[in-house]
Amino acid sequence: MPNDTLLRVEDLFLHFRTAKGSVQAVDGASFDLGFNEAIVVLGESGCGKTSLAKAILRLLPRNVGTYQGKVYLEDVETMALRDEEFREQIRWTKMSLVPQAAMNSLNPVLRVGDQVAEPMIVHYGVDKKEALSQAERMFAQVGVPVDFMHRYAFELSGGMRQRVALAMALVTMPALVVLDEPTSALDVLTQANIFNTLKRIKHDLQISFILITHDIATSSELADRVVVMYAGQIVEVGSSNQVFISPLHPYSKKLLASVPRLRANQDPDFIIGQPPSLLDPPTGCRFAERCPSRFDKCDQEPPTVQSGRSQVKCWLYG
Amino acid sequence: MSVDSNVLNPQEAPAVQRAAGSQNGPLLSINDLHVWYELRKFGFGHAGYVKAVDGVAFDLEYGESVAVVGESGCGKSTLMKTILGLVPVTSGEVIFEGARLSGKNPRELKWYRSQVGYVQQDPYGALPPFMSVRHILSEPMVINGIKDRDKQRERIQRAMEEVKMTPVEDFLAKFPHMLSGGQQQRVVIARAMILDPRLIVADEPVSMLDASVRVEILRLLRGLQASHNLAVIYITHDLSTVRYFSERIFVMYAGNLVEKSPVDELLRDPRHPYTLALLEATPDPDPENLLTFKKVPPGEPPSLIKPPPGCRFHPRCPHMIKDLCDAEVPPDFVISPRHSVACWLFK
């Protein structure tokens, strides 16, 4: 593994068992993430982007059918670790998560300061005083006034609660933080504020982010590189310059064209049809049915990809 | 479309109301509207008011689409609920086709509600899970006295075709959970259209939908607006969708409309410092965003129980004029015939 790679995901599969059959939520995902790099996973609901995050963090529900592939964090193969080892050595100390709707996932009966300090006590065994002083540093870092530490979650606004959830993920100083839709329920100004904070933190603490979102416009605030997912598969990986300005995969093109723009006089367009069911996805390319550039080969076999810094899963490119 | 299909079962409509519905004046007129919620201490005893809507005025023409843009807690939902007749007016008036909304008897209110369609934010939450699409669409007709089965069937057919859910028969027996998010929102729109309303109130109709479907639903609403000469009030926090959907835009902050303007003019020449802040904070997908920080006004919107005196934006405003902005409420200053702004900078 090259020295500048923090996380490497190779051929990751996550299928769920359901009454109707096996749901192929993540199907052969591969990508790299560098040190102090932010990568955005873009996709629409049901494309498997949250499942991808859960698979990396090994936060899995009970109905997992297939869970295979390789995930390297620096030089540790995390999927080979036992659950207990993973919890002790990786989760929250090396990588942490700001879950979806994190602002509503704070414990209502604990003061927010104690909640932020808790991972320090659990993972590093420090005493409460030291943990609280680390929590205090994190409050300053994410822009929450330090006297808010004594408040309960309901006494804070949505934006402040989101910042507390972020402080909780940062307090142990992990190398990687996964953000799952961090601003989807927030107002425009609050959203802009949080992204300003994330940019500053990325610079100050030199950490990496995986940002999972369906909000294409705001994701460009943080993205160094972009991963586009469709129907459980990664269809394109590229620099933000490439994906936002001249995307290669027909789905990425269509998706970018569907975003209404404030500063360009360009009518947005929608994508006809719906994504396929993940219970029984098509054998060929999963986007073929909705693709304007479809040809015979697309229906016959799935496109192959060269894994790397940039990839396109489309027969148009070989 | 034939004339009689456009009128909701004429026998049901009180004669006075119909006569008042001439096309001369505006469709909807809101004058100095205040909607306050009373706060109670321990369940009794007065503890002040939440002034959710405080002095809102505008006219809406037949067939016009306006967008109300503002952040959560600015009072846009209360304004919408007042227009739908769900929240009582504290003072001021809501006038629909020349008749005041407050003081209507239940029969008149029922007629009024048949003239105003409502498209909810969360389509799945808005559709009863135990009803089939056919049942959902026939319910408003049953309530409003259209009992003839053939007539019901004909209207359902037409509404479903209008929202492009074809072939219609494939969908009628389905339940909401069997439909995709976009299809659910189409059913919600079909339900809002089934009584041929004059006005549609759409509360964030696309915020729960995926990017690729959003534009499709907005276009659909836009098409219905044109073909039915419908007026639409589009409530949203997303400025980027407004230009593709509305003719006029109202920017709302802490219970007031701070700027009213045609959409093009507002984007070309925004005036109110709050409007500027909203525009600045709304991103386009652009890799250049990575390199800059957004300018965001400090602080958060004020409490609507004790709003700041004078202009409500003054504590966050970079151009605050001392002893004016923090003392006197700015009136609407006219920038151009249809563009006005409530800000002392444009005295």
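What distance separates the centres of domain 1 of chain B and domain 2 of chain B, taken over C-alpha atoms? In this predicted model, the two centres lie 30 Å apart. Domain 1 of chain B spans residues 3–246, while domain 2 of chain B is assembled from two segments, 271–283 and 292–347.

The meeting of these two domains can be followed residue by residue. Ten residues of domain 1 of chain B are in contact with seven residues of domain 2 of chain B. On the domain 1 side, at least two residues each come from β2 (46–60) and α11 (239–242) of chain B. Of the contributing elements, β2(B) gives the most, with four residues. As for its chemical character, this side of domain 1 of chain B comprises five nonpolar, three polar and two charged residues.

Turning from the domains to the chains, the interface between chain A and chain B brings 37 residues of chain A into contact with 30 residues of chain B. Four helices of chain A give two or more residues each to the side that touches chain B, namely α6 (188–205), α7 (216–219), α8 (240–245) and α9 (250–257). The top contributor here is α6(A), which supplies six residues. Sorted by residue class, the side of chain A that touches chain B holds 17 nonpolar residues, together with eleven polar and nine charged ones.

Technical notes: Residues are numbered from 1 along each chain as its sequence is written. Chains are lettered from A and ligands numbered from 1 in the order in which they are written. This is a predicted model: local features need pLDDT of at least 70, side-chain atom pairs count only at pLDDT 80 or more; totals for chains, interfaces and linings use all residues. Domain bounds come from an automatic or database domain assignment. Ala, Val, Leu, Ile, Met, Phe, Trp, Tyr, Cys and Pro count as nonpolar, Asp, Glu, Lys and Arg as charged, and the others, Gly among them, as polar.
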